[in-house]
Amino acid sequence: MIIMAVCRLTLRFNNYIVTNKASPPMTVDKQGRYLATKITMMPRDTNPHGTIFGGVILSHIDQSGAIGARYSIRKEGFPDCALVTVAMNRVEFHHPVYVGDVVSFYSHVERFGRTSITVHVTVEAERDGSALMLTEADVTYVAVQLIDGERRPVPIRGAE
Ligand SMILES: CC(=O)SCCNC(=O)CCNC(=O)[C@H](O)C(C)(C)COP(=O)(O)OP(=O)(O)OC[C@H]1O[C@@H](n2cnc3c(N)ncnc32)[C@H](O)[C@@H]1OP(=O)(O)O
């Protein structure tokens with residue numbers, strides 16, 4: 001009896017893994033943007049005005065851009081690599097973010113360079129039933145490898 005129950009559980013577990021591999025979660029929208037992060041903004045993240053501190057948004061943009069960059073690298077069939085942020089450009093805060101906002105961070109590849117990838121990150125919240133773009137930025141990540149104790153840029157498409 002116990003053995004049968006264990007077998008059933010194992011089967012379910014295996015099915016879950018297989019199903020998961022076969023059908024990845026749908027996180028790409030109609031515009032081809034990858035939904036990297038979705039979070040509810042909390043009171044601990046506020047500035048003295050009571051709205052969400054810009055530095056908190058930048059931190060989520062950096063992380064979401066890296067998640068999106070990793071997704072795009074895999075989608076292209078390039079090898080997995082360590083990524084570091086080299087630059088954040090054209091950061092624009094269009095609207096304040098409020099406590100309780102459910103905020104989505106989307107990434108879209110702007111450019112693959114030799115050792116770098118630049119993604120455009122857009123930050124949106126649902127306001128009055130439609131999506132409002134709050135913040136956007138271009139973030140560039142560099143593929144690096146530890147060579148002689150130093151992190152050096154390496155080709156993002158793999159060995160040349
Ligand atoms: C995961 C984390 O938390 S990361 C933490 C924050 N980030 C870091 O600590 C990174 C610190 N910076 C570094 O270690 C180094 O600057 C590195 C390894 C990223 C780059 O080293 P560099 O010697 O500058 O490399 P190099 O000049 O060859 O440039 C590498 C790539 O970055 C790009 N790049 C460099 N500076 C910039 C910039 N300001 N804006 C956009 N792209 C840039 C280059 O165009 C190049 O891309 P390409 O090969 O696709 O043309």
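**Exercise 1. Is E124 buried or exposed? Work out its setting too.**

Before we start, note that this is a predicted model, in which local features need pLDDT of at least 70, side-chain atom pairs count only at pLDDT 80 or more, and totals for chains, interfaces and linings use all residues. Residues are numbered from 1 along each chain as its sequence is written, and side-chain values use heavy atoms, with hydrogens and water left out.

Step 1: Find the element. E124 sits in strand β4, residues 116-127. (Strands are DSSP runs of E with at least two residues, helices are runs of H or I with at least four, and both are numbered from the N terminus.)

Step 2: Check the accessibility. E124 is buried, because its relative accessible area is 14%. (Buried means under 20% relative accessible area, exposed over 50%, and partly exposed in between, with a 1.4 Å probe and protein chains only.)

Step 3: Look for a polar partner. The side chains of E124 and R33 make a polar contact of 2.9 Å. (This is a pair of N or O atoms within 3.5 Å; within protein, one must be able to donate a hydrogen and the other to accept it, and residues adjacent in sequence count only if both atoms are side-chain atoms.)

Step 4: List other neighbours. Leaving aside residues within four places in sequence, the contacts of E124 include V102, Y106 and L134. (Contact means heavy atoms within 4.5 Å.)

**Exercise 2. Describe the largest nonpolar core.**

Step 1: Count. This core has 25 residues, and I57, I61 and L83 have the most contacts inside it. (A nonpolar core is a set of buried Ala, Val, Leu, Ile, Met, Phe, Trp, Tyr and Cys residues joined through side-chain atoms within 4.5 Å.)

Step 2: Name the contributors. Two or more residues each come from α2, β3 (102-112), β4 and β5 (130-147).

Step 3: Zoom in on I57. Not counting residues up to four places away in sequence, I57 touches M41, I52, F93, V97, F105, V123 and T135.

Step 4: Recall the background. In soluble globular proteins, nonpolar side chains tend to be buried together.

**Exercise 3. Place S72 in the structure.**

Step 1: S72 belongs to helix α2, residues 54-75.

Step 2: With a relative accessible area of 11%, S72 is buried.

Step 3: Beyond residues up to four places away in sequence, S72 touches V109, F112 and I117.

**Exercise 4. Look at two residues with positive phi.**

Step 1: R90 is not a glycine, yet its phi is positive, at about 50 degrees. R90 is part of strand β2, residues 82-93, and counts as exposed at 53% relative accessibility.

Step 2: D128, also a residue other than glycine, has a positive phi near 50 degrees. D128 lies in the loop between β4 and β5, and is exposed with a relative accessible area of 84%.

**Exercise 5. Map the surroundings of the ligand.**

Step 1: There are 14 residues around the ligand, and T85, G113, R114, T115 and S116 come nearest. (A residue belongs here if one of its heavy atoms lies within 4 Å.)

Step 2: A side-chain N or O atom of T115 is 2.7 Å from an oxygen atom of the ligand. For S116, the corresponding distance to a ligand oxygen atom is 2.7 Å. A polar side-chain atom of R151 lies 3.3 Å from a ligand oxygen atom.

Step 3: Finish with the shell. Two or more residues each come from β2, β5 and β6 (150-153), and β2 gives the largest share, five residues.
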